[in-house]
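Here is a quick walk through a two-chain model. Have the sequence and the 3D view open as you read.

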Amino acid sequence: MTADLLSQPETTRRRVIEFFLGGGLLASFASFIYPVLRYLVPPAVVDLGGDEIVAAKLNELKPNSGKIFRFGSRPGLLILNSDGTYRALSATCTHLGCTVQYRPDLREIWCACHNGTYDLNGRNVSGPPPRPLTVFDVHQRGDEIVVSRKREA
Amino acid sequence: MFAPLIRWLDERIHLDDLIAPFKHKTVPRHRLSYWYFFGGITFFLFIIQVLTGILLLLYYRPGANEAFESVQYIMTRVQFGWLIRSIHAWSANLMIFTAFVHMFSVLFLKAYRKPRELTWVTGVILLVLVMGFGFSGYLLPWNTLAFFATKVGTEIAGQVPIIGRPMMIFLRGGEEVTGATLSRFFGFHVAVLPGLAVVLIAIHLFLVQRQGMSVPPKVEAEWIANPSARREMKFFPNFLLREMMAWYVAMGVLGALAAIFPWNLGVKADPFVSAPAGIKPEWYFLFMFQTLKMIPSKVWIVDGEVLGVLGCSLAGLLWLLLPFFESDKASRAKVWITGLSIFALVYVIGMSVYGYVAK
């Protein structure tokens with residue numbers, strides 16, 4: 001009985017020491033891990049693409065054909081329809097991010113990875129794609145075909 | 001919290017049997033016990049090297065046109081990149097230093113004698129590997145100092161008769177130090193050397209585990225004369241806890257050095273620029289560098305360089321085989337080996353200091 005009574009403050013002291021020692025160790029380990037976690041995050045890449053780009057020259061594309069162009073760090077798809085009108089869309093498939101292509105035989109936009117198709121307005125019409133492709137504005141400036149992001153309404 | 005998990009594992013793989021050797025293992029306790037920590041600290045720094053090395057690999061790009069820029073990117077753009085690189089560089093230097101301390105302590109405490117010859121041999125090979133890590137890693141940032149250090153270092157290898165030149169071309173990946181050299185050194189540094197080092201460390205540690213800690217002959221003699229003076233501590237948890245404290249202190253020293261004295265990057269290497277004045281190798285090569293510098297260009301009919309390189313190689317080989325010259329009876333420890341050890345220590349320190357202050 002006396003031993004129990006005597007050991008009471010001992011255990012409390014021990015708990016206090018354990019708390020500070022363990023807490024200190026944990027805090028120092030956190031200070032080792034924190035820089036590593038920050039290091040793992042890649043620095044943001046500056047997108048030098050801007051909002052507008054020359055996607056093609058005037059007579060570059062044959063009617064009923066498409067071309068992949070670089071829009072910032074992402075690919076875009078420029079299509080010249082048989083009637084001579086241009087159309088530009090994001091070329092990144094909304095399913096799993098493959099780059100789509102224009103299929104002259106189907107007159108549709110097709111993704112080779114999982115057989116998804118979009119119509120010329122970018123609407124997802126068959127296969128796995130969940131959302132339509134983003135459509136860009138196209139206009140002609142001199143002999144250049146200029147593609148720009150649609151202004152947010 | 002972990003008790004059920006441990007019980008679950010124990011039922012299946014019999015953890016008890018696995019940790020039994022560690023429970024029986026003891027570490028001799030005497031006035032020289034603290035020297036036992038240096039091997040462990042070297043091992044700890046090696047682990048730090050592996051971890052920070054993997055982190056650096058996330059952003060580093062080998063190649064003469066990219067290497068310098070990628071290290072610059074790590075140091076200026078990546079968050080805490082400067083710290084990770086600084087820790088890698090400082091830990092490398094500290095690791096070589098503690099490896100040397102460990103080697104000389106083993107030498108003076110006579111721990112290399114029978115039955116521990118193989119532990120010594122693997123240890124000396126590991127020291128060579130560690131210096132190989134230092135030499136190959138030094139080139140990777142592709143700065144001026146590293147470029148010339150590599151040029152000189154591989155040129156020295158080329159001095160060895162007969163096999164020297166093919167060896168130099170193998171190391172350089174061509175006649176000159178170029179991007180091809182950088183690719184090779186990168187491969188050595190991140191694949192070949194780590195693979196070899198891990199195997200050798202495993203053997204080295206297995207031998208230490210199998211044979212237990214050596215007791216210095218003097219202490220052993222005292223203990224035989226007075227058996228009640230014999231002291232031991234359990235490896236687990238007593239010694240391990242002390243070892244962990246030593247590692248923790250090493251981590252603190254390393255972190256402080258890396259943060260207060262961040263490692264420089266220098267200037268990008270240019271093969272068509274003269275070597276800067278006062279250029280010197282890293283401190284751990286200084287004693288060899290100074291030796292080579294002091295040998296005259298012609299000794300009798302032999303080229304000084306050739307003589308120096310052959311002399312250093314021979315000394316290295318004898319060093320590797322040192323335990324085999326020693327008698328295994330404690331009473332007949334050969335005095336000349338102790339003398340040689342003292343000479344080697346004085347020579348290495350003396351030549352390093354001389355090399356550091358010499359113009």
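Chain B has a mean pLDDT of 92, and 98% of its residues reach 70 or more; pLDDT is the predictor's confidence in each residue, from 0 to 100. This is a predicted model, where local features need pLDDT of at least 70, side-chain atom pairs count only at pLDDT 80 or more, and totals for chains, interfaces and linings use all residues. Residues are numbered from 1 along each chain as its sequence is written, and chains are lettered from A and ligands numbered from 1 in the order in which they are written. For the complex, the predictor gives an ipTM of 0.87 and a pTM of 0.87.

Now for how the chains meet. On chain A, 6 residues are in contact with 8 residues of chain B (contact: C-beta atoms, placed from the backbone, within 7 Å). Chain A's side of this has 5 nonpolar, no polar and 1 charged residues. Here Ala, Val, Leu, Ile, Met, Phe, Trp, Tyr, Cys and Pro count as nonpolar, Asp, Glu, Lys and Arg as charged, and the others, Gly among them, as polar.

Chain A itself splits into two domains, with bounds from an automatic or database domain assignment. Their C-alpha centres lie 61 Å apart.

| Domain of chain A | Residues |
|---|---|
| domain 1 | 1–41 |
| domain 2 | 52–148 |

On to the cores. A nonpolar core is a set of buried Ala, Val, Leu, Ile, Met, Phe, Trp, Tyr and Cys residues joined through C-beta atoms within 7 Å; buried means 20 or more other C-beta atoms within 10 Å of a residue's own, exposed 12 or fewer, and partly exposed in between. The largest core has 64 residues, and B:Leu45, B:Met95 and B:Trp142 are among those with the most contacts inside it. Helix H5 of chain B gives the most to this core, with 13 residues. Helices (H or I, at least four residues) and strands (E, at least two) are DSSP runs, numbered from the N terminus. Beyond its sequence neighbours up to four places away, B:Met95 touches B:Thr42, B:Leu45, B:Phe46, B:Gln49 and B:Val130. A second, separate core of 19 residues includes A:Ala55 and A:Phe136.

Helix H11 of chain B has B:Phe239, B:Ala250 and B:Ala258 as its buried residues. They pack against strand E1, helix H3, helix H5 and strand E2 of chain B.

And B:Glu176, buried or exposed? It counts as exposed, because it has 12 C-beta neighbours inside 10 Å. B:Glu176 sits in the loop between helices H8 and H9 of chain B.

Technical notes
Two residues are in contact if their C-beta atoms, placed from the backbone, lie within 7 Å.
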